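The following report describes a single protein chain, moving from individual residues to helix packing and then to the chain as a whole. It is meant to be read alongside the sequence and the structure.

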Amino acid sequence: MGRYWLRCRTGERIRVSEWLPDDPYPRASVQPWPDEAGETVTLAQLVDVEDRMMALFERIAEARGAMLPDREELLGPDDADAGERLYTLATRIPIGAADRYAVLSAPSPADRLAALGEAVDAMAEMVEFQLSE
């Protein structure tokens, strides 16, 4: 049996409503999963979480004696609305599956921002703990 590499880009968030038989590959019935209404995420809030992410990357690079690429290369281009930008940021930070799921499944951009901020803070604490040994 051969191997395939599949790269996808989505246009909207979806939720699996039913898993179908996975012969020959996993399949599911899905439905659109739009963001719920919530508080507005401001540019200042986005910049704050981006700055915290950059500080984390800088700390890791410093510990390894490495040079970082520029901000846009690390965090991705800033050309989307706040809700979509937060999805992009969640893919750029080295967080665990549970934290990533919490960010990606948050019902609104404001909730996504809060989940991402918590994940960044937890990762920063873990890095500092590991570097203090």
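Ser132 is located in helix H5, which covers residues 109-132. In this predicted model, Ser132 counts as exposed because its relative accessibility is 55%. The side chain of Ser132 also reaches back to the backbone oxygen of Phe129, at 2.7 Å.

**A buried leucine in H3**

Leu86 belongs to helix H3, and with a relative accessible area of 0% it is buried. Leaving aside residues up to four places away in sequence, Leu86 touches Leu46, Val103, Pro109, Arg112, Leu113 and Leu116. The C-alpha atom of Leu86 is separated by 23 Å from that of Ala61, a residue 25 positions away along the chain.

**A buried glutamate in H1**

Glu50 lies in helix H1 and is likewise a buried residue, its relative accessible area being 6%, which falls under the 20% cut-off for burial. The side chain of Glu50 makes a polar contact with the side chain of Arg71, at 3.4 Å. When residues up to four places away in sequence are not counted, the residues that Glu50 touches are Arg71, Leu75, Arg85 and Leu89.

The three residues described so far can be set side by side.

| Residue | Helix | Relative accessible area | State |
|---|---|---|---|
| Ser132 | H5 | 55% | exposed |
| Leu86 | H3 | 0% | buried |
| Glu50 | H1 | 6% | buried |

**How H3 packs against H1 and H4**

Two packed helices are described by the angle between their axes and by the distance between those axes. For helix H1 (residues 43-64) and helix H3 (residues 82-92), the axes come within 11 Å and cross at roughly 10 degrees. Angles under 35 degrees count as roughly parallel, and H1 and H3 are therefore roughly parallel to each other. On the H1 side the contact is made by Leu46, Val49, Glu50, Met53 and Phe57, which meet Ala82, Arg85, Leu86, Leu89 and Arg92 of H3. Sorted by class, this contact of H1 with H3 has 7 nonpolar and 3 charged residues, and no polar ones.

H3 also packs against helix H4 (residues 97-104), with the two axes 10 Å apart and at an angle of about 175 degrees. Angles over 145 degrees count as roughly antiparallel, so H3 and H4 are roughly antiparallel to each other. In this pair, Leu86, Tyr87, Ala90 and Thr91 of H3 meet Arg100, Val103 and Leu104 of H4. By class, the contact of H3 with H4 has 5 nonpolar residues, 1 polar residue and 1 charged residue. Leu86 is thus listed in the contact of H3 with H1 and also in the contact of H3 with H4.

**The chain as a whole**

The chain has 5 helices and 2 strands, and its elements run β-β-α-α-α-α-α from the N terminus on. Along its principal axes, the C-alpha trace spans about 50 × 45 × 25 Å. Of the 133 residues in the chain, 29% count as buried, and Leu86 and Glu50 are among the buried residues. The accessible surface of the chain comes to about 9,600 Å², and carbon and sulfur atoms account for 53% of that area. Among the contacts in the chain with a separation of 6 or more, 51% are between residues 24 or more positions apart.

Note on methods: Residues numbered from 1 in each chain as written. Predicted model: local features only at pLDDT ≥ 70, side-chain atom pairs only at ≥ 80, totals over all residues. Heavy atoms only, no water. Axes fitted to C-alpha atoms, helices over the stretch in contact; angles between N-to-C directions. Helix = DSSP H or I, 4+ residues; strand = E, 2+ residues; numbered from the N terminus. Parallel < 35°, antiparallel > 145°, perpendicular 65-115°, else oblique. Contact = heavy atoms within 4.5 Å. Nonpolar A, V, L, I, M, F, W, Y, C, P; charged D, E, K, R; others polar. Buried < 20%, exposed > 50% of the residue type's maximum accessible area, 1.4 Å probe, protein only. Polar contact = N/O pair within 3.5 Å; in protein donor to acceptor, adjacent residues only side chain to side chain. Areas by Shrake-Rupley, 256 points an atom, 1.4 Å probe, with all protein chains shown as cover.
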